Amino acid sequence: MTGCLMLAAVNFHTLLFYLFAILACGFAVGVVVADNVVRMALYLVLSLGATAGLFFLAGAEFIGAMQLMIYVGGTLVLLVFGVMLTAQAPFVTIKTSPGDRVLAGIVAASLLALLLQAAFSVEAWRRPGLGEVAQPAATPIGVALVGIRVDEPPAGAPPGVRSGYLLPFEIVSVHLLVVLVGAAYLARAKRRRTQRAIEVAASVQSLVEPVVEVPRQARGSASALATGGTR
Amino acid sequence: MSGMLGAGVAIAGPAFAAADGVSVAHYLVVGAILFTAGIVCMAVKRNALGVLMGIELVLNGANVNFIAFASPYLRGQGAVSLGIDGQVIALFVILLAAAEAAVALAITLNFYNNHSTVDVDRADDLKG
C-alpha cells in the first residue's frame with residue numbers, strides 16, 4: 001500500500017525525462033570518447049533512440065516516430081554499412097593524439113559553458129511547463145506540408161496569416177531525388193582496369209598502329225602504356 | 001494529475017515547481033550537450049565515419065531545441081510556443097540529415113577506394 005502511494009507521488013514525466021536525458025547525453029559523450037568505430041556506431045544508435053524518447057515526452061510523437069524510422073532505422077543502418085565496408089583492421093581504431101584531445105576538451109568546455117549560459121539566460125524558458133496536453137500532430141503536419149494550416153495558433157503567438165510548407169516540401173522532395181541520383185552515381189562500382197584488359201588493348205594497338213579503335217574501357221591506360229609519350 | 005501538480009505549485013511556490021517540473025531549459029541543456037559532443041567528434045575523430053557521426057549528433061542537438069520550443073506541454077507561464085512550425089522544421093532537418101549522410105557516405109567510400117584508407121588526415125592531395 002505504501003508502495004502504491006510512493007508510486008503515485010513520483011512524477012513519471014520528470015523521471016522519464018531524466019532517464020532519457022542521461023542516456024542521450026551519456027551515449028553522445030561515449031561516441032566522442034570511444035576509439036573503436038563500431039562502438040561509436042552503437043553508442044550513436046542508443047543516443048539517437050534516447051533522443052526519440054525525449055521527443056515523445058515533449059509531445060512530438062510524430063517527430064519521435066520519424067526519428068526512430070529515418071535516423072535509427074535508415075541513416076544508422078547506412079552508417080553501419082559504411083563501417084563494415086571500410087573496417088579493415090588498421091582503420092577500426094584510429095587513435096587521436098593526446099594534444100588534440102586536450103585542445104578539444106578546452107574548446108568543448110568553453111562552448112558548453114556558453115551554451116548553458118544561453119539556455120538559462122531567458123527567464124520564461126526556466127519556468128516549468130504548464131503541462132498543456134498537445135493535440136495529435138500528425139494530421140496538422142501532413143496538411144501543413146501541402147500548404148493548408150488546420151492547427152490552432154499556439155497561445156501567445158502574434159496574430160496573422162501563417163504560411164504553409166508546400167514550397168519547402170517540394171524543394172526537399174527534389175533535393176532527395178538529386179541526392180539519390182548523386183549518391184548512386186558517386187558510390188557505383190567502377191569498371192576495373194585489369195592487367196588483362198591493358199594487355200589486350202596494347203596488342204590491338206600494336207597490330208593496327210595509325211588509326212585504332214581501342215575498346216572504350218581500356219582506352220586511357222592502353223594509350224598511356226602502348227604509345228608512351230609520343231601522342 | 002495536473003491538478004495535483006497545480007496544488008503542489010500553489011503550496012510550495014515557484015522554487016519547488018522549478019525544481020520539480022521539466023522546463024524548456026532542461027531540453028536546451030540536453031541539446032547543448034549533444035551539440036558540443038558532435039562538434040568535438042567532428043574536430044577530433046580521424047576516421048571519416050566518426051566525423052559523419054559528429055554531424056549527426058550536431059543536427060540531433062539542434063532538433064532537440066526545436067522540439068522543446070515547439071512543445072505546448074513544456075511551455076511555461078508567459079512563454080510563446082513555436083507550435084507545429086517547430087515540428088515541421090525538425091522533420092525537414094531529419095530528412096536533410098538522411099540525405100547528407102547518404103552523400104557523405106558515398107564520398108567516404110570513394111575516398112576509401114582511391115586512397116585505401118578512411119583517415120581524413122591522409123586526404124591532403126590539395127596541399128600546396
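This report describes a predicted model of two chains, A and B.

## The two chains

Chain A contains eleven helices and zero strands. Read from the N terminus, the elements of chain A therefore form an unbroken series of helices, since the pattern is α-α-α-α-α-α-α-α-α-α-α. Of the 231 residues in chain A, 25% count as buried. Among the contacts of chain A with a separation of 6 or more, 41% are accounted for by residues 24 or more positions apart.

Chain B has four helices and zero strands, and its pattern along the sequence is α-α-α-α. Chain B has 128 residues, of which 55% count as buried. Where contacts in chain B link residues at least 6 apart in sequence, 53% of them join residues at least 24 apart.

## The contact between the chains

Chain B contributes 76 residues to the contact, and chain A contributes 79 residues. On the side of chain B that touches chain A, the elements giving two or more residues are α1 (2-20), α2, α3 (48-70) and α4 of chain B. Of these, α4(B) gives the most, with 21 residues. Sorted by class, this side of chain B has 53 nonpolar, 18 polar and five charged residues.

## Helix α6 of chain A against helix α2 of chain B

One helix pair across the contact consists of α6 of chain A (residues 98-119) and α2 of chain B (residues 24-44). Their axes come within 9 Å and cross at roughly 155°. Because angles over 145 degrees count as roughly antiparallel, α6(A) and α2(B) are described as roughly antiparallel to each other. The crossing of α6(A) past α2(B) is right-handed.

The residues of α6(A) that take part include A:Asp100, A:Arg101, A:Ala104, A:Ala108 and A:Leu111. On the α2(B) side, the participants include B:Ala25, B:Leu28, B:Val29, B:Thr36 and B:Val44. By class, this contact of α6(A) with α2(B) has 17 nonpolar, one polar and two charged residues.

## Helix α8 of chain A against helix α4 of chain B

A second pair is formed by α8 of chain A (residues 138-145) and α4 of chain B (residues 84-115), whose axes come within 10 Å and cross at roughly 70°. The helices α8(A) and α4(B) are therefore roughly perpendicular to each other.

In this pair, A:Pro140, A:Ile141 and A:Ala144 of α8(A) meet B:Ile84, B:Gln87, B:Val88 and B:Leu91 of α4(B). The contact of α8(A) with α4(B) has six nonpolar, one polar and no charged residues.

## The nonpolar core

The largest nonpolar core has 84 residues. Those with the most contacts inside this core are A:Ala24, A:Val31, A:Leu54, B:Val30, B:Leu34 and B:Ile67. In chain A, the elements that each supply at least two residues of the core are α2 (12-33), α3 (37-57), α4 (61-86), α6 and α8; in chain B, they are α2, α3 and α4. The element that gives the most to the core is α2(B), with 15 residues. In soluble globular proteins, nonpolar side chains tend to be buried together.

## Individual residues outside the helices

B:Asn47 lies in the loop between α2 and α3 of chain B. B:Asn47 counts as buried because there are 25 C-beta neighbours inside 10 Å. Leaving aside residues up to four places away in sequence, B:Asn47 touches A:Val37, A:Phe91, A:Ile94, B:Val118 and B:Asp119. The C-alpha atoms of B:Asn47 and B:His115 are separated by 13 Å, and these two residues are 68 residues apart along the chain.

A:Thr96 is found in the loop between α5 (89-92) and α6 of chain A. A:Thr96 has 16 C-beta neighbours inside 10 Å and so counts as partly exposed. Apart from residues up to four places away in sequence, A:Thr96 touches A:Arg101, B:Val44 and B:Arg46. A distance of 8.0 Å separates the C-alpha atoms of A:Thr96 and A:Asp35, which are 61 residues apart along the chain.

B:Ser116 lies in the segment after α4 of chain B. With 11 C-beta neighbours inside 10 Å, B:Ser116 counts as exposed. The phi of B:Ser116 is near 60°, a positive value in a residue other than glycine. Most residues other than glycine have a negative phi.

Conventions
Residues are numbered from 1 along each chain as its sequence is written. Chains are lettered from A and ligands numbered from 1 in the order in which they are written. This is a predicted model: local features need pLDDT of at least 70, side-chain atom pairs count only at pLDDT 80 or more; totals for chains, interfaces and linings use all residues. Axes are lines fitted to C-alpha atoms, for helices over the stretch in contact, and angles run from 0 to 180 degrees between N-to-C directions. Angles under 35 degrees count as roughly parallel, over 145 as roughly antiparallel, 65 to 115 as roughly perpendicular and the rest as oblique. Two residues are in contact if their C-beta atoms, placed from the backbone, lie within 7 Å. Ala, Val, Leu, Ile, Met, Phe, Trp, Tyr, Cys and Pro count as nonpolar, Asp, Glu, Lys and Arg as charged, and the others, Gly among them, as polar. A crossing is left-handed if the near helix is turned anticlockwise from the far one by less than a right angle, and right-handed if clockwise. A residue is buried if 20 or more other C-beta atoms lie within 10 Å of its own, exposed if 12 or fewer, and partly exposed in between; C-beta atoms are placed from the backbone. A nonpolar core is a set of buried Ala, Val, Leu, Ile, Met, Phe, Trp, Tyr and Cys residues joined through C-beta atoms within 7 Å.
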